[in-house]
Amino acid sequence: MKESNINRIRNILSGEFTAKSSISIGYEKETDNHKDGDIWEDSNGKKFIKKNGLVRSYSKLSSIRNTTKMPLICPVCGSPMTIWQDHHMWKKFRKCFSCVINEDTQRIINGEQEQYEKNKIKQNSKAWLNDLEIACLEAVESIDSKAFVTEMGDIEDWDAGHLDKNKLKESIKEHISELKEKLDIWKKQ
Ligand SMILES: [Zn+2]
């Protein structure tokens with residue numbers, strides 16, 4: 001099973017279904033004499049950086065950093081972001097923990113929280129189910145090894161020997177379409 005698929009399923013199950021499951025950075029063979037840490041531009045205006053002896057495209061690197069790395073200060077309220085809850089909220093809301101709590105509290109005071117949550121779930125649920133279905137089907141298709149080692153170093157056993165892929169895929173499709181029907185009924189309520 002491909003690790004990128006496992007990561008994708010993990011992201012989906014943990015609610016981070018928009019997170020990129022893999023990030024690829026273009027590595028290029030070094031053709032000049034730049035030192036580690038050097039940043040330079042080629043004739044097309046493309047920026048490069050040399051890191052650990054490898055030349056990488058600098059713009060890609062910095063844009064990845066911008067989307068994934070949490071800033072030290074919350075862009076909304078300006079407070080330092082230091083606690084683990086800040087990391088969690090940053091990934092989902094792009095603001096600090098206390099900003100999220102304050103907004104939630106304000107909505108509760110205004111009596112808007114229930115409607116807000118319902119709308120949010122309704123907006124996301126169909127796309128979420130579609131994503132889940134694709135990821136599950138891809139995951140089943142790519143099962144080819146019996147075990148693999150997770151990022152945490154645990155060995156997860158995915159015994160493919162006794163597995164009927166088509167049966168499993170049918171059952172996934174069935175479950176998801178049941179969920180979609182329930183969703184449609186619920187959305188009309
Ligand atoms: Zn904040």
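This is a short chat about a predicted model.

Reader: What are the ground rules here?

Author: The model is predicted; local features need pLDDT of at least 70, side-chain atom pairs count only at pLDDT 80 or more, and totals for chains, interfaces and linings use all residues. Residues are numbered from 1 along each chain as its sequence is written.

Reader: Start with the strands. How many bridges join strand 2 to strand 3?

Author: Three, and the two strands run antiparallel. Strand 2 covers residues 39–41 and strand 3 covers residues 47–51. Strands are DSSP runs of E, at least two residues, and helices are runs of H or I, at least four residues; both are numbered from the N terminus. Two strands pair if DSSP finds at least two bridges between them.

Reader: What sits opposite Ile49 in strand 4?

Author: Arg56. Ile49 also stands opposite Ile39, from strand 2. Strand 3 and strand 4 (residues 54–57) are antiparallel too, joined by four bridges.

Reader: And the turns? Which residue in the turn between strand 3 and strand 4 has a positive phi?

Author: Asn52, at about 50°. That hairpin has two residues between its strands. The hairpin of strand 2 and strand 3 has five, with Gly45 in the turn at a positive phi of about 85°.

Reader: Switching to Arg94. Where is it found?

Author: In the loop between helix 3 (84–93) and helix 4 (97–109). Arg94 has a positive phi of about 60°, although it is not a glycine. Most residues other than glycine have a negative phi.

Reader: Why is Arg94 called partly exposed?

Author: Because 14 other C-beta atoms lie within 10 Å. Buried takes 20 or more other C-beta atoms within 10 Å of the residue's own, exposed takes 12 or fewer, and partly exposed is in between; C-beta atoms are placed from the backbone.

Reader: Now helix 6. How many of its 24 residues are buried?

Author: Zero, so by that count helix 6 is hardly covered. Helix 6 spans residues 165–188 and reaches 35 Å from first C-alpha to last, close to the 34 Å expected. The expected span is 1.5 Å times one less than the number of residues.

Reader: Leu183 is in there. What is Leu183 in contact with?

Author: Ser125, Lys126 and Leu129, leaving aside neighbours within four places in sequence. Contact means C-beta atoms, placed from the backbone, within 7 Å. Leu183 and Lys126 are 57 residues apart in sequence, but 7.7 Å apart in space, C-alpha to C-alpha.

Definitions and conventions:
Two residues are in contact if their C-beta atoms, placed from the backbone, lie within 7 Å.
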